[in-house]
Amino acid sequence: MADYYPYRISHGGSHLTLIWRSGKGDAPNEVAVDGRGGLLAFPDLRTLEEHCARNGWELIREGGAALDLAVVRQWVERPDLDPVPAGLLLEAWNFFEDLSSSLKAGPALPSQGPLHDNAYEKIFGGDALGPTTCREAWTEEEAAAVRELLRMGLDLWERAVGGSRIR
C-alpha cells in the first residue's frame, strides 16, 4: 500500500491541500487526480483526511510539505526584487514536474536540456541566486531558463486548479 502525504499550496492569498505520493522505483512522484485526470484539491486537511479514509489511503501527516507559489510568482515576474531562497525555487520546480506528470490532460512542462540540468545541479548548493562571481551561481541564461520553466509551471497550476473540483 502506498503512503499519501498532505501537500499544502498557498497561492494568491488562498490555500489548497493536495495529496502527494512518492513514486516507486523509477516511477515519478505524483499528486492525486480523480478518475477523469483532474487535480484532487481540498480546502482543508479535514476534508482531505475524509477523502483518504473513504478510499482506504493511508495519510502520513508527518513531513507534509507546504509551498508558497505567490513568492515563486513574484521571483518569476520580478527577480530584481527581494531575494528568494533557492530551496523554495527547487521545491516549486519539483512540484511542477510532479504535477505535470500527474495530470493526464493539458500541456506538460517543456522538455529540459543541459541548461536546465546545470541550473538544477547548482540549486542544491543554495548559491544559485548569489553573485555571478560565485562558481555555483546561475548564469543569466540558466536563470532565464529557470524563470521560464517556473512560469510555465505556474500556468499549469492555474489551469489545474481552474479545472479541479475542490472537494
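**Entry 1: terms and overall layout**

I count helices as DSSP runs of H or I with at least four residues, and strands as E runs of at least two, numbered from the N terminus. With that in hand, I placed H116 in helix 4. I note that the model is predicted.

I looked up the element count next. The protein chain has 5 helices and 7 strands. I read their order from the N terminus as β-β-β-β-α-β-β-α-α-α-α-β. So I had the order, and I turned to the chain totals.

The protein chain has 167 residues, and buried residues make up 40% of them. I looked up the accessible surface too: it comes to about 9,000 Å². Carbon and sulfur atoms hold 51% of that surface. Then I checked contacts with a separation of 6 or more. Residues 24 or more positions apart account for 63% of them.

**Entry 2: the cores**

Which residues have the most contacts inside the largest nonpolar core? I found L18, L39, F95, F96, L99, L150 and W157. The core has 37 residues. I then listed the elements that give two or more residues to this core. Two are strands: strand 1 (3-11) and strand 2 (14-21). The others are helix 2 (69-77), helix 3 (86-102), helix 4 (114-123) and helix 5 (140-162). I also noted a second, separate core of 8 residues, which includes Y4, A32, L40 and L59.

I recalled a general tendency here. In soluble globular proteins, nonpolar side chains tend to be buried together.

I took L18 for a closer look. I left aside its neighbours within four places in sequence. L18 is in contact with Y5, P6, Y7 and I9, and also with V31, L39, L40, A41 and L48. F95 and W157 complete its list of contacts. I marked L39, F95 and W157 in my notes, as they are also among the residues with the most contacts inside the core.

**Entry 3: helix 2 against helix 3**

At what angle do the axes of helix 2 and helix 3 cross? I read roughly 105 degrees, and the axes come within 10 Å. Angles of 65 to 115 degrees count as roughly perpendicular, so helix 2 and helix 3 are roughly perpendicular to each other.

I listed the residues that meet. Helix 2 brings L69, V71, V72 and W75. Helix 3 brings L88, L89, A92 and F96. I sorted the residues of this contact by type: 8 are nonpolar, with no polar and no charged ones.

I also looked at E77, which lies in helix 2. E77 counts as exposed because its relative accessibility is 51% and the cut-off is over 50%. Its C-alpha is 8.3 Å from that of R151, and the two are 74 residues apart in sequence.

**Entry 4: helix 4 against helix 5**

I then moved to helix 4 and helix 5. They pack at about 95 degrees, with their axes 9 Å apart. That makes helix 4 roughly perpendicular to helix 5. Helix 4 contributes L115, H116, N118, A119 and K122 to the contact. Helix 5 contributes E141, E142, A145, V146 and L149. How do the residues of this contact divide by type? I found 5 nonpolar, 2 polar and 3 charged.

**Entry 5: H116, S111 and I123**

Is H116 buried or exposed? H116 counts as buried because its relative accessibility is 13%, and buried means under 20%. I listed what H116 touches, not counting residues up to four places away in sequence: W93, S111, A145 and L149.

S111 came up in that list, so I looked it up too. S111 lies in the loop between helix 3 and helix 4. At 70% relative accessibility, S111 counts as exposed. From S111 to L149 I read 9.4 Å, C-alpha to C-alpha, across 38 residues of sequence.

I123 is in helix 4 as well. At 3% relative accessibility, I123 counts as buried. I read 6.7 Å between the C-alpha atoms of I123 and L90. Along the chain, I123 and L90 are 33 residues apart.

**Entry 6: H51**

I finished with another histidine. H51 lies in helix 1 (residues 45-55). H51 is buried, with a relative accessible area of 9%. Which residues does H51 touch, not counting those up to four places away in sequence? I found I19, L40, F42 and W57. I recognised L40 from the second core.

How values were computed. Residues are numbered from 1 along each chain as its sequence is written. This is a predicted model: local features need pLDDT of at least 70, side-chain atom pairs count only at pLDDT 80 or more; totals for chains, interfaces and linings use all residues. Side-chain values use heavy atoms; hydrogens and water are left out. A nonpolar core is a set of buried Ala, Val, Leu, Ile, Met, Phe, Trp, Tyr and Cys residues joined through side-chain atoms within 4.5 Å. Buried means under 20% relative accessible area, exposed over 50%, partly exposed in between (1.4 Å probe, protein chains only). Contact means heavy atoms within 4.5 Å. Accessible areas come from the Shrake-Rupley method with a 1.4 Å probe; for residues, only the protein chains shown count as cover. Axes are lines fitted to C-alpha atoms, for helices over the stretch in contact, and angles run from 0 to 180 degrees between N-to-C directions. Angles under 35 degrees count as roughly parallel, over 145 as roughly antiparallel, 65 to 115 as roughly perpendicular and the rest as oblique. Ala, Val, Leu, Ile, Met, Phe, Trp, Tyr, Cys and Pro count as nonpolar, Asp, Glu, Lys and Arg as charged, and the others, Gly among them, as polar.
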